[in-house]
Amino acid sequence: MTSSSTRRVRVVEVEPVADRIKRFRFVDVSGEKLPTFSGGSHVVVTMRAPDGHLWRNPYSLMGSPADASSYQISVCRADDSRGGSDYMHDNVRVGSELDVTNPINLFSIARKARKHLLIAGGIGITPFMSMMHELAAANANFELHYKVRSQTRGAFCNDLVRQYGSRVHTYRSDAGHALPLGTLLRDQPVGTHLYVCGPQAMIDWALESGRAAGWPHENLHSEHFSAPRPGSPFTVKLARSECEIQVGPQQSILEALEQNGIDPPSLCRGGACGQCETRVLARTGALQHNDHYLTEEEKLGGEKIMICVSRTAGNCLTLDL
Amino acid sequence: MNLVFKNETFRDDFTFSNSPAAIRRFPFPFHEDKYMYSVNIEPHVPGPKGSPFEFPIDIDEHYVSEMADRAKVLEQDPKRCQALPHMMTAQWDMLELLMTSMAASYPEHFTLNRDGDRWHWINRPLKIEQKFVFGDASTLPVGPMEFIGRQCQGDFSLQDQRDNQLWMDAGIITTQADWSLDFDVGMNFTEWHGPVPLAHQARVFERALKFLLNLQNGHPVRRLNWTMTINPRLDTSPENFHKWGSDRMTVTPENVGDKVHLRVELQGLWRLPRSNAVLFSIRCYLIKLRELVTVPKWGRRLPRVLQSLPPELIDYKGITRYRDTTLEWLSKYDDGAPTSPGTLPD
Amino acid sequence: MLVSDIKSRPIYPGLEPDLYALSNLIVCDRAGAEAVSDMMRRADARFAERSAILICAEDFDQWKAIDEAIQGFKPAVATTFPSLNDTILELDALLGGAKMGVCVYAAGSEPLIGSVVQTAMRHHIDHRSVRTEHRGSLKRRVQCVHCKALTENVTTNPVKCSGCGLMLLVRDHYSRRFAAFQGVCIDAEVPGEIPEQKAEFL
């Protein structure tokens, strides 16, 4: 874990909000207020199974930033879960205790925008929940366009419409509604920013459509919490700690280290922030860079790796840890 | 803390001076006998008792006089305090941080009572009492940043974080070492550091920026910066350069000890919770050389540091005109003996 | 030259046509018009059909003439204005009703580029979204840090402030907000000790 400290929280409420989606609310075990946060923030939740298996997953904070008495997250049981979301659904109940980081924000409001166009798909609605609290409190001009598969999988639709009225537009796949992105993109005043969160395919579609409609990159924002890309297993040697760790096919190097009680610096767990940059001292095969942080030159140089998402094709990697 | 607030001036007759206690606690920035830029950032955790690092915000014997000088600067030039419209949330974050710090660290001087959003602030040294609603700017006489900035030593700037950069979109800057808030407002981290020589090549700012972009709430950092000033003048702004620039020509072999000052900035950086902005404090400490050399180690080290400076730094820090005279004066305090590592007096 | 060690000194990457833009708003002076022509040549006819070109011709007395080259590309609109001020007023009016999908371009002197970027920023357009290319004169707009007055068409260093009369060192430190370089009193340390004026920004 990075210098971002963790705190112990206790779950006080678990609510099934839609098919495969549960909402969890938790408070600090000491009874102290939690830190207030900015819209779009997330926390990284540490889950420990009785058999010692460890998961660390980021979840967006859904509640109002002005209410620091508790935090709320929503977890969608992933179709291809590596265990974290299953664990949350099957093992976490009222009274359960978890460790969470302080809020981290990698998806914040563009404060100089004239208007905010929010595009959400499925569980991707969660970061927008806290964002809309902040936008509404600031009397900002915003619209939410929310695509869900069906009413039963569409979390929070009714609540959102109740809270934000005509600024909320929902589209149900099962009813054949299409999100009219093309029309939306052509009808916004200059200075509008677009934010998208949802499945990767939806994000790609929204960003490409934005660009194709003449929106500059600066006005297009996205967040996606994805599992690190899997690969073949390999050994990691830690030069300074003088030990060896096995990295499984579904595990990232960071996760394998954490599973073995080693806590290198990390933050976003998605290859974007640079915090987990590590020096490669030796390798037997090519590095597979899955990050968005290193420059092309650095990637080709083969001396640095972002351990939260990247791997090697070879069978052994020596790191300066 | 037994603080006795002095009544002194930082302009005109320049009556400023440091008490012996203030001299001992001065944040001397040189840990070795030479100086070069580095990303010398360290966690802003509580330092030794009585030091400027003990508390998140340091209030010292010069507090009342410094705030009076700030008020004069702002009266003369209101543009030293500016906030772009989208920075209001950051202003409130800053007010919260400063008020809670000052009240917790100096309860004998500052009190903050909070009942939900209804706050009650008492500043005894400045005789200010204010009831207001946190988040409602209409309940304060001026903007939140200005309100608390006028009651806290040090300059403050607020950085909006977006697009992998920090943008200086607000600030209250009256004790700066020669840069203009009015000109620099709206610039990003790389741009406002533009004029600093050599550091860019050393990638100092690139690395510092990457670090600061990942700064987390609850984990502030600090570093020291330094320059030199003639007379204990706090307002060495470019706006007034045509008024104070000629001070540099008034240094004589006899008056070095009283005129030439080491000026150290204790810089703090905090991540702010509601706005996700970064608060940057620049807390200025002045010491005349006559006071500085009462610490023998500092008297030896300072001339060695000044000798080691590359010409670009001498020029950028404005030392050129009086460097030789100053080194001549300091030479009697450097007997060539070795100095211990670290910044503290022996 | 336009290269400086100082990191706040803007760099103008050159005009590239945004083929995705739904409409193009192009502002240039006489020198910049050549850059615009170069860009149009790299784009297709449909790009020109979606383009409005505003030409600032304050340097020329026959200001009504629009370059034949520009006409040749058959832009949707091409208008000439006798001063930078007039050009910017028109740009401001057009941006007032503009929708996302518009791309703004500026080519010519730095003061022209700076004014276009300033105007775009007033309409919440990110400065990096404006495509820019410097052509022609190196003349600068300078803001006096002392009295805040702007002095236009600065070609010498130092320069006399049009507001307070101080002789100003023209620095490479640049503000987008003022679309100007910083001018600082050059003889603050020793009043009267002023270096020879050089024609640096012709």
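**Chains C and A in the predicted model**

Chain C comes out with five helices and twelve strands, these being DSSP runs numbered from the N terminus, with helices (H or I) of at least four residues and strands (E) of at least two. This is a predicted model, in which local features need pLDDT of at least 70 and side-chain atom pairs count only at pLDDT 80 or more, while totals for chains, interfaces and linings use all residues. Residues are numbered from 1 along each chain as its sequence is written, chains are lettered from A and ligands numbered from 1 in the order in which they are written, and side-chain values use heavy atoms, leaving out hydrogens and water.

As for overall dimensions, the C-alpha atoms of chain C fit a box of roughly 60 × 35 × 30 Å along the principal axes. Its radius of gyration is 18 Å, which agrees with the value near 17 Å for a compact globule of 202 residues; the radius is taken over C-alpha atoms, and the globule rule is 2.2 Å times the number of residues to the power 0.38.

Of the 202 residues in chain C, 54% are buried (under 20% relative accessible area; exposed is over 50%, partly exposed in between; 1.4 Å probe, protein chains only). Among contacts (heavy atoms within 4.5 Å) with a separation of 6 or more in chain C, 68% join residues 24 or more positions apart. Chain C exposes about 9000 Å², and carbon and sulfur atoms supply 52% of that area (Shrake-Rupley method, 1.4 Å probe; for residues, only the protein chains shown count as cover). The chain has 23 positive and 26 negative charges, with mean positions 5 Å apart; Lys and Arg count as positive and Asp and Glu as negative, without His or the chain ends, and the charges are placed at NZ of Lys, CZ of Arg, CG of Asp or CD of Glu.

Turning to chain A, its secondary structure amounts to seven helices and 18 strands. The C-alpha trace spans about 60 × 50 × 35 Å along its principal axes, and the radius of gyration of 20 Å agrees with the value near 20 Å for a compact globule of 321 residues. Buried residues account for 57% of chain A. Carbon and sulfur supply 47% of the roughly 13300 Å² that chain A exposes.

One loop residue rounds off the picture. Asn102(A) sits between β6 (97-101) and β7 (115-121) of chain A and is buried, at 9% relative accessible area. Its side chain makes a polar contact with that of Arg7(A) at 3.1 Å (a pair of N or O atoms within 3.5 Å; within protein, one able to donate a hydrogen and the other to accept it, with sequence-adjacent residues counted only if both atoms are side-chain atoms).
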